[in-house]
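Colleague: I'm new to this one and would like a close look at a single part, the strands. Walk me through how they are put together and what surrounds them.

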Amino acid sequence: MSCSIIYRWADERDFVSFSFYVPKETKLTDIVVEFTDTSIFCTYGVDLVISGQFYQPVKGPLCQWKMKRGGAREHCEVRIKVPKRVSISWPYPILGDASDEIVCDPQSHFLLGLFYEKENDMDTAVEHWQKAAQKKHTEASFFLGKLCLLNRREPKVAASLLKTAALSGHCEAMYTLGGRSSVTVAQKLSYWQSLLHIHCCVCLFACL
(Lines give C-alpha, C1' and ligand atoms only; values in the text may rest on other atoms or scores of the structure.)
Protein backbone atom coordinates (compact mmCIF):
# COMPACT_ATOMS: atom_id res chain seq x y z
CA MET A 1 0.00 0.00 0.00
CA SER A 2 1.10 3.59 -0.62
CA CYS A 3 1.50 6.45 1.87
CA SER A 4 -0.06 9.65 0.59
CA ILE A 5 -2.29 10.36 3.60
CA ILE A 6 -0.71 11.26 6.94
CA TYR A 7 -2.74 11.20 10.13
CA ARG A 8 -2.49 13.46 13.15
CA TRP A 9 -3.23 12.31 16.67
CA ALA A 10 -3.96 13.80 20.09
CA ASP A 11 -3.72 12.30 23.57
CA GLU A 12 -6.49 13.27 25.99
CA ARG A 13 -7.15 12.06 29.49
CA ASP A 14 -9.82 9.49 28.60
CA PHE A 15 -9.37 8.97 24.88
CA VAL A 16 -7.04 9.20 21.91
CA SER A 17 -8.13 10.90 18.71
CA PHE A 18 -6.93 10.60 15.13
CA SER A 19 -7.70 12.77 12.12
CA PHE A 20 -6.76 12.97 8.46
CA TYR A 21 -8.02 14.60 5.28
CA VAL A 22 -9.44 13.01 2.15
CA PRO A 23 -10.74 14.54 -1.12
CA LYS A 24 -14.22 16.07 -0.88
CA GLU A 25 -15.67 13.56 -3.35
CA THR A 26 -14.79 10.69 -0.99
CA LYS A 27 -17.60 8.31 -0.13
CA LEU A 28 -17.97 6.58 3.23
CA THR A 29 -17.50 3.28 1.43
CA ASP A 30 -14.02 4.40 0.32
CA ILE A 31 -12.88 4.30 3.94
CA VAL A 32 -12.42 1.19 6.06
CA VAL A 33 -12.03 1.49 9.83
CA GLU A 34 -11.94 -1.61 12.04
CA PHE A 35 -11.32 -1.73 15.78
CA THR A 36 -10.56 -4.34 18.40
CA ASP A 37 -9.63 -3.79 22.05
CA THR A 38 -5.96 -3.84 21.05
CA SER A 39 -5.74 -2.75 17.41
CA ILE A 40 -6.94 -0.50 14.62
CA PHE A 41 -7.01 -1.00 10.85
CA CYS A 42 -7.88 2.05 8.74
CA THR A 43 -7.49 2.43 4.99
CA TYR A 44 -8.52 4.93 2.35
CA GLY A 45 -8.49 3.22 -1.03
CA VAL A 46 -5.01 1.72 -1.37
CA ASP A 47 -3.59 3.92 1.40
CA LEU A 48 -2.81 2.30 4.74
CA VAL A 49 -3.60 5.26 7.00
CA ILE A 50 -3.60 3.89 10.58
CA SER A 51 -2.83 0.29 11.44
CA GLY A 52 -1.28 -1.71 14.24
CA GLN A 53 -1.42 -2.45 17.94
CA PHE A 54 -2.53 0.33 20.28
CA TYR A 55 -0.09 1.54 22.92
CA GLN A 56 -2.57 0.34 25.54
CA PRO A 57 -5.83 -1.67 25.35
CA VAL A 58 -8.91 0.42 24.57
CA LYS A 59 -12.68 0.09 24.74
CA GLY A 60 -13.07 -1.41 21.27
CA PRO A 61 -16.91 -1.46 21.08
CA LEU A 62 -17.03 2.26 21.98
CA CYS A 63 -14.57 3.40 19.30
CA GLN A 64 -16.19 5.55 16.63
CA TRP A 65 -15.37 7.50 13.50
CA LYS A 66 -17.04 10.02 11.21
CA MET A 67 -16.30 12.04 8.10
CA LYS A 68 -16.93 15.77 8.35
CA ARG A 69 -17.64 17.60 5.12
CA GLY A 70 -16.48 21.20 5.04
CA GLY A 71 -18.84 22.92 2.62
CA ALA A 72 -16.86 24.42 -0.28
CA ARG A 73 -13.52 23.13 0.96
CA GLU A 74 -11.53 20.77 -1.22
CA HIS A 75 -11.17 18.16 1.52
CA CYS A 76 -13.20 16.29 4.10
CA GLU A 77 -11.86 15.50 7.55
CA VAL A 78 -12.04 11.98 8.96
CA ARG A 79 -12.10 11.90 12.76
CA ILE A 80 -11.59 8.82 14.92
CA LYS A 81 -12.19 8.70 18.66
CA VAL A 82 -10.75 5.85 20.74
CA PRO A 83 -11.76 5.63 24.43
CA LYS A 84 -8.96 4.45 26.72
CA ARG A 85 -9.48 1.53 29.06
CA VAL A 86 -7.08 3.12 31.56
CA SER A 87 -6.61 6.89 31.78
CA ILE A 88 -2.85 7.12 31.41
CA SER A 89 -0.77 9.27 29.08
CA TRP A 90 0.24 7.78 25.72
CA PRO A 91 3.68 8.75 24.33
CA TYR A 92 2.67 7.41 20.90
CA PRO A 93 -0.53 5.83 19.55
CA ILE A 94 0.67 2.64 17.82
CA LEU A 95 3.09 0.17 19.39
CA GLY A 96 3.83 -1.87 16.26
CA ASP A 97 2.34 -4.76 14.29
CA ALA A 98 -0.83 -6.24 15.75
CA SER A 99 -0.67 -9.37 13.56
CA ASP A 100 0.60 -10.57 10.20
CA GLU A 101 -2.42 -8.88 8.60
CA ILE A 102 -2.59 -5.73 10.73
CA VAL A 103 0.91 -4.32 10.28
CA CYS A 104 2.21 -1.00 11.55
CA ASP A 105 1.51 1.87 9.16
CA PRO A 106 4.25 4.26 7.89
CA GLN A 107 3.21 7.28 9.96
CA SER A 108 3.20 5.25 13.17
CA HIS A 109 6.71 3.98 12.40
CA PHE A 110 7.77 7.59 11.88
CA LEU A 111 6.26 8.67 15.21
CA LEU A 112 7.95 5.77 16.97
CA GLY A 113 11.23 6.96 15.47
CA LEU A 114 10.68 10.42 16.92
CA PHE A 115 9.93 8.91 20.33
CA TYR A 116 13.09 6.80 20.40
CA GLU A 117 15.14 9.75 19.15
CA LYS A 118 14.02 11.70 22.26
CA GLU A 119 14.98 8.67 24.35
CA ASN A 120 18.48 8.82 22.80
CA ASP A 121 18.00 5.38 21.26
CA MET A 122 19.07 6.27 17.73
CA ASP A 123 19.45 2.66 16.57
CA THR A 124 15.77 1.95 17.24
CA ALA A 125 14.76 5.36 15.87
CA VAL A 126 16.58 4.74 12.60
CA GLU A 127 15.09 1.25 12.39
CA HIS A 128 11.56 2.71 12.51
CA TRP A 129 12.39 5.50 10.06
CA GLN A 130 13.79 2.92 7.66
CA LYS A 131 10.57 0.91 7.87
CA ALA A 132 8.55 4.08 7.28
CA ALA A 133 10.72 5.08 4.31
CA GLN A 134 10.35 1.60 2.80
CA LYS A 135 6.61 2.22 2.90
CA LYS A 136 7.05 5.53 1.02
CA HIS A 137 6.83 7.91 3.98
CA THR A 138 8.27 11.17 2.62
CA GLU A 139 9.33 12.73 5.92
CA ALA A 140 11.10 9.54 6.98
CA SER A 141 13.10 9.52 3.74
CA PHE A 142 14.09 13.13 4.38
CA PHE A 143 15.10 12.42 8.00
CA LEU A 144 17.30 9.51 6.97
CA GLY A 145 18.86 11.48 4.13
CA LYS A 146 19.70 14.40 6.43
CA LEU A 147 21.07 11.99 9.03
CA CYS A 148 23.43 10.48 6.47
CA LEU A 149 24.62 13.96 5.46
CA LEU A 150 25.16 15.09 9.05
CA ASN A 151 27.19 11.97 9.80
CA ARG A 152 29.06 12.29 6.49
CA ARG A 153 28.23 8.69 5.67
CA GLU A 154 26.89 7.04 2.54
CA PRO A 155 26.58 10.19 0.35
CA LYS A 156 24.95 8.22 -2.48
CA VAL A 157 22.37 6.78 -0.08
CA ALA A 158 21.74 10.27 1.31
CA ALA A 159 21.23 11.70 -2.17
CA SER A 160 18.87 8.87 -3.10
CA LEU A 161 16.76 9.35 0.04
CA LEU A 162 16.62 13.12 -0.41
CA LYS A 163 15.72 12.71 -4.07
CA THR A 164 12.88 10.36 -3.11
CA ALA A 165 11.54 12.96 -0.67
CA ALA A 166 12.02 15.79 -3.17
CA LEU A 167 10.11 13.95 -5.89
CA SER A 168 7.23 13.65 -3.43
CA GLY A 169 7.14 17.43 -3.07
CA HIS A 170 9.22 17.86 0.10
CA CYS A 171 10.48 21.45 -0.16
CA GLU A 172 13.30 21.13 2.37
CA ALA A 173 14.60 18.03 0.61
CA MET A 174 14.69 19.97 -2.67
CA TYR A 175 16.46 22.84 -0.90
CA THR A 176 18.99 20.47 0.67
CA LEU A 177 19.79 18.87 -2.68
CA GLY A 178 20.15 22.27 -4.33
CA GLY A 179 22.40 23.58 -1.57
CA ARG A 180 24.98 20.80 -1.70
CA SER A 181 28.49 21.75 -2.83
CA SER A 182 28.52 19.38 -5.81
CA VAL A 183 25.19 19.94 -7.51
CA THR A 184 24.08 18.84 -10.93
CA VAL A 185 21.96 20.93 -13.28
CA ALA A 186 18.93 18.86 -12.34
CA GLN A 187 19.56 19.44 -8.63
CA LYS A 188 19.96 23.18 -9.18
CA LEU A 189 16.63 23.15 -11.00
CA SER A 190 15.05 21.36 -8.05
CA TYR A 191 16.49 24.01 -5.75
CA TRP A 192 14.94 26.88 -7.67
CA GLN A 193 11.68 24.97 -7.99
CA SER A 194 11.63 24.56 -4.22
CA LEU A 195 12.14 28.30 -3.71
CA LEU A 196 9.31 29.00 -6.16
CA HIS A 197 7.08 26.55 -4.33
CA ILE A 198 7.87 28.16 -0.96
CA HIS A 199 7.17 31.61 -2.43
CA CYS A 200 3.80 30.41 -3.76
CA CYS A 201 2.93 28.90 -0.36
CA VAL A 202 3.79 32.19 1.37
CA CYS A 203 1.65 34.16 -1.09
CA LEU A 204 -1.24 31.74 -0.69
CA PHE A 205 -1.03 31.98 3.12
CA ALA A 206 -1.00 35.78 2.91
CA CYS A 207 -4.20 35.70 0.87
CA LEU A 208 -6.11 33.57 3.41
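Modeller: Let's start with one open sheet: it has 4 strands in the order 1-2-7-6, and their pairing is antiparallel. Its edges are strand 1 (8-11) and strand 6 (64-69), each of which pairs on one side only. From one strand to the next, the twist averages 20°; the angles come from axes fitted as lines to C-alpha atoms (for helices over the stretch in contact) and run from 0 to 180 degrees between N-to-C directions.

Some ground rules before going on. This is a predicted model, with local features needing pLDDT of at least 70 and side-chain atom pairs counting only at pLDDT 80 or more, while totals for chains, interfaces and linings use all residues. Residues are numbered from 1 along each chain as its sequence is written, and side-chain values use heavy atoms, with hydrogens and water left out. Helices (H or I, at least four residues) and strands (E, at least two) are DSSP runs numbered from the N terminus, and two strands pair if DSSP finds at least two bridges between them.

Now for the details of that sheet. A hairpin takes the chain from strand 1 to strand 2 through 3 residues. These two strands pair in the antiparallel sense over 4 bridges, with R8 opposite S19 in strand 2. On to strand 2 and strand 7, which are also antiparallel and pair over 9 bridges. Here you can find S17 opposite K81 in strand 7, and Y21 opposite E77 in strand 7. If you're following the side chains, keep in mind that in a regular strand they alternate between the two faces of the sheet.

There is also an open sheet of 4 strands in the order 3-4-5-8, paired antiparallel. Strand 3 and strand 8 (94-96) sit at its edges with a single partner strand each, so one side of each has no neighbour in the sheet. Direction ignored, neighbouring strands in this sheet are turned by 30° against each other on average. Strand 3 and strand 4 run antiparallel and are joined by 5 bridges, and F35 stands opposite I40 in strand 4.

What do the strands contribute to the interior? Look at the largest nonpolar core (a set of buried Ala, Val, Leu, Ile, Met, Phe, Trp, Tyr and Cys residues joined through side-chain atoms within 4.5 Å): among its 27 residues, F20, I50 and I80 touch the most other members. At least two residues of this core come from each of strand 2 (15-23), strand 3 (31-35), strand 4 (39-44), strand 5 (47-54), strand 7 (75-83) and helix 1 (106-118). A second, separate core has 9 residues, including A125, V126, A132 and L161. "Buried" means under 20% relative accessible area, "exposed" over 50%, and "partly exposed" in between (1.4 Å probe, protein chains only).

F20 is a good place to zoom in. Leaving out residues up to four places away in sequence, its contacts (heavy atoms within 4.5 Å) include I5, Y7, C42, V49, I50, E77 and I80. C42 itself is buried, at a relative accessible area of 0%.

Another cysteine worth a look is C63, in the loop between strand 5 and strand 6. C63 is buried too, with a relative accessible area of 10%. Setting aside neighbours within four places in sequence, C63 is in contact with F35, V58, K81, V82 and P83. Its C-alpha atom and that of V33, 30 residues apart along the chain, are separated by 10.0 Å. As for disulfides (pairs of cysteine sulfur atoms within 2.5 Å), the structure holds 0.

To place the strands in the whole chain: there are 6 helices and 8 strands, and along the sequence they follow the pattern β-β-β-β-β-β-β-β-α-α-α-α-α-α. One of those helices, helix 5 (residues 171-178), is largely enclosed by the rest of the structure, because 6 of its 8 residues are buried. The buried ones are C171, A173, M174, T176, L177 and G178. Over the 208 residues of the protein chain, 39% are buried. Among contacts with a separation of 6 or more, 55% are between residues 24 or more positions apart.
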